[in-house]
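User: Hello! I am new to this kind of picture and would like to learn how to read it. Could you guide me through it?

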Amino acid sequence: MGKKIKSAANRAPRLSKAAKIDYATYLGVILAFAVVTVLGSQGMLTRSFQGQLVPICCYIVMAISLNLTVGVLGELSLGHAGFMSVGAFSGIVAAMSFQASIPSEPVRLVIALCVGAACAAVTGLIVGVPVLRLRGDYLAIVTLAFGEIIKELINCLIVGHDENGLHVIFNFDGSKTISDLGLTENGIEIIKGAQGATGTDTIASFTAGFILIMITLVIVLNLVRSRSGRAIMALRDNRIAAESVGINVTKYKLMAFVTSAALAGAAGALYGLNFSNLGASKFNFNTSILILVFVVLGGLGKIWGSIIAATVLTILPEALRGFEDYRMLVYAIVLILVMLATNSPQAKAVFSRSVGGVKGIFACKGNKAKGGAANG
Amino acid sequence: MKKFIALAMALVMCLALFAGCGQESNTEPSTPAESGTPESGTPAEGASFKFGVVGPLTGENAIYGNAVANGVQIAVEEINAAGGINGYQVEVSPQDDVSDGETSVNAYNNLMDWGMQVLIGPVTTGPAISVSTEVYNDRIFALTPSASSPDVVAGKDNMFQMCFSDPNQGSGAATYMGSNMPDAKVAVIYRNDDQYSQGIRDTFVAEAENQNLEVVYEGTFTVDTQADFSVQLTAAQSAGADVIFLPIYYQPASVILAQADAMGYEPTFFGVDGMDGILTMPNFDLSLAEGVMVLTPFSADATDEKTVNFVTEYNERFGETPNQFAADGYDCVYALKQAIEAAGCTPDMSYEDICTAMIEQFTSMTFDGLTGTGMTWSTAGEVSKLPLAVVIQDGVYVSAENAK
């Protein structure tokens, strides 16, 4: 991830522009939420779109958090869905366990999201501590393996809850079933090994998704613009130079990586509580790559780009249902065209001319230069 | 400028590709895409019933979804040609869910936007559980042709199954082996990251104990390791297994059959409904499947008039012998027809009202279809019908009793 050190003179004016972009991002998300809520209350949204709102929120948070690792820290992570998985299943266990004792759904949702984030953060720490000390692309290899390991572990996991507390068994040899938990009559089966979490209470809501996005934005944008964030970016741009001025490499790398994992865990918990059935195989390598596609397409280091890319690419396959059997083909073609278009100077010029007026309000003229630097 | 030209060229080529796609889907009546257009086979005059189908039309489980969609299409066109249900035509829209929970819910919501009144599906188990919650909350009636887990219908009074459930398949297979293959040494190879496979294995092993069957070996695999089974097969062989029970989908089963053949290992392979579809798998050497036993409620060699007509029609239209899934899809439409006629529903009724009437009818009626006669449904939504053992001979299913 070799990047040239930018001169201090170049950096100083960019920060104020960055702040403008940050505020525009917050504003955009709030506006989008307001518009969707108003349209929804007027009954002007299709069922199909409303059903996708919570997954879109989850994918946005996933994309922003992965952007922190890939775009800001400059390390490639190929197992982001693994953290989502940890968050999803721990969140589901938390939400279902408190079903009897805490009747309020929003409170349970908040607890589930916090538990999901905490579990994913711990997992991120375990993965990150040894690996982030290494140089090169080791993180990519380890996270790739991590994603697969998590999937296998959750396949072995059988969890139930009754008035005596939580029952957990690891079914390594495949011979145990849910009846081995010894649940009492009132017990609920939460995770049934390979069958995944079945019968989950779907308590996730769009409002919760919106709040999660806002919290994610506050955390990530403040981290990136802080002293620590500058240290993280310095590591990305030139590790040797950063070390030479006394930046603690492992500390700052871990800071970004664990934050990213925790946010992914929270997104996973929200996702898991949106569907009554969830198997570990949902969070496979393809999902990790999908999130990476959101980040790359939106632009490395560009948070607003991740938000837009995640939204568009989640809606797109559904919007293309009119193409019937060819919809995934069309999806791929649209993806390629967007990649070509966003990298072509001509297309950029056309784009900036056509939306010049709008851009003038929110952003700045130097945006192109920033995009070039971040993509380089 | 070069880049701009390249981009423009790419765009033109893509458009040309779309044009090609469009024409192809218009001239090829056998694609399920065609049945998706509401006007196919339905005169647009007056109101009509709207049936939605959700299943994997693409992806690794596409054979199941397409079979159901094809079976439904045949049934609907027959009904429409014969004057419809209560005099109203039926429209059907199949939607793809790639056998994924999230996409399945999206497909379901898409159908709700379309104005669906009854859902046929989802076809596979995991997505069906996800959708069943939505179905329950929306109060729309759903009849799944093939999602066999008890979790699909548990606690939802408006979700019904056309196939027998996983516990029935597992214990049914064990009972069949117990009475027809005494002293068999059984090996089980199953996919332990799949709800369907694990569910059947659990009930099979539990019932095998009661049947005095000896399970000598259990091998597992996951979706990532389904390209090679030499370890499991060697272990089964050295454990002395003469029957291998495969509660798995047909793709890994085809690999197992090929590898066992290459090893020279010839046990009796015994599959359940997931094995259905192996005969229509592209590039599969049918001789490998010779002698494989499958537990299915439907046998294409049955001689009753209904089955013969259906098989002939299916063969003519899609160029292959229908499997159990196609028959389940076909039965779903006729069961709905019978219930709608008995309840006297009309298309202008809301889906909630139709749902209430359907629940009443389904829990009280008796239905004769391709996949069984005298079927009844419990209030829990499970169907009562008997699984039938078939043997693959010369590339077709033959009832185990008729087998040579």
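Analyst: Gladly; we will look at chain B by itself and then at its contact with chain A. Please keep in mind that this is a predicted model.

User: Where do I start with chain B, and how many helices and strands does chain B have?

Analyst: A good start is to list the secondary structure. Chain B comes to 13 helices and 15 strands.

User: What percentage of chain B is buried?

Analyst: Here a residue is called buried when its relative accessible area is under 20%. Of the 404 residues in chain B, 59% are buried. The chain exposes about 14700 Å², with carbon and sulfur atoms supplying 52% of that area.

User: Now the interface. How many residues does each chain bring to the contact?

Analyst: For an interface, we can look at who takes part and how much area is covered. Chain B gives 49 residues and chain A gives 41. Together the two chains bury about 3800 Å², of which 51% lies on carbon and sulfur atoms.

User: How many salt bridges are found across the interface?

Analyst: A salt bridge pairs a side-chain nitrogen of Lys or Arg with a carboxyl oxygen of Asp or Glu, within 4 Å. There are 5 across this interface. One of them joins Arg327(A) and Asp96(B), at 3.7 Å from N to O.

User: Which element gives the largest share of chain B's side?

Analyst: Several elements give two or more residues, including helix H1 (2-27), strand S2 (89-96) and helix H4 (101-114) of chain B. The largest share, 11 residues, comes from H4(B). By type, that side of chain B divides into 17 nonpolar, 18 polar and 14 charged residues.

Key:
Residues are numbered from 1 along each chain as its sequence is written. Chains are lettered from A and ligands numbered from 1 in the order in which they are written. This is a predicted model: local features need pLDDT of at least 70, side-chain atom pairs count only at pLDDT 80 or more; totals for chains, interfaces and linings use all residues. Side-chain values use heavy atoms; hydrogens and water are left out. Contact means heavy atoms within 4.5 Å. Buried area is the accessible area (1.4 Å probe) that two parts lose on being put together, summed over both. Helices (H or I, at least four residues) and strands (E, at least two) are DSSP runs, numbered from the N terminus. Ala, Val, Leu, Ile, Met, Phe, Trp, Tyr, Cys and Pro count as nonpolar, Asp, Glu, Lys and Arg as charged, and the others, Gly among them, as polar. Buried means under 20% relative accessible area, exposed over 50%, partly exposed in between (1.4 Å probe, protein chains only). Accessible areas come from the Shrake-Rupley method with a 1.4 Å probe; for residues, only the protein chains shown count as cover.
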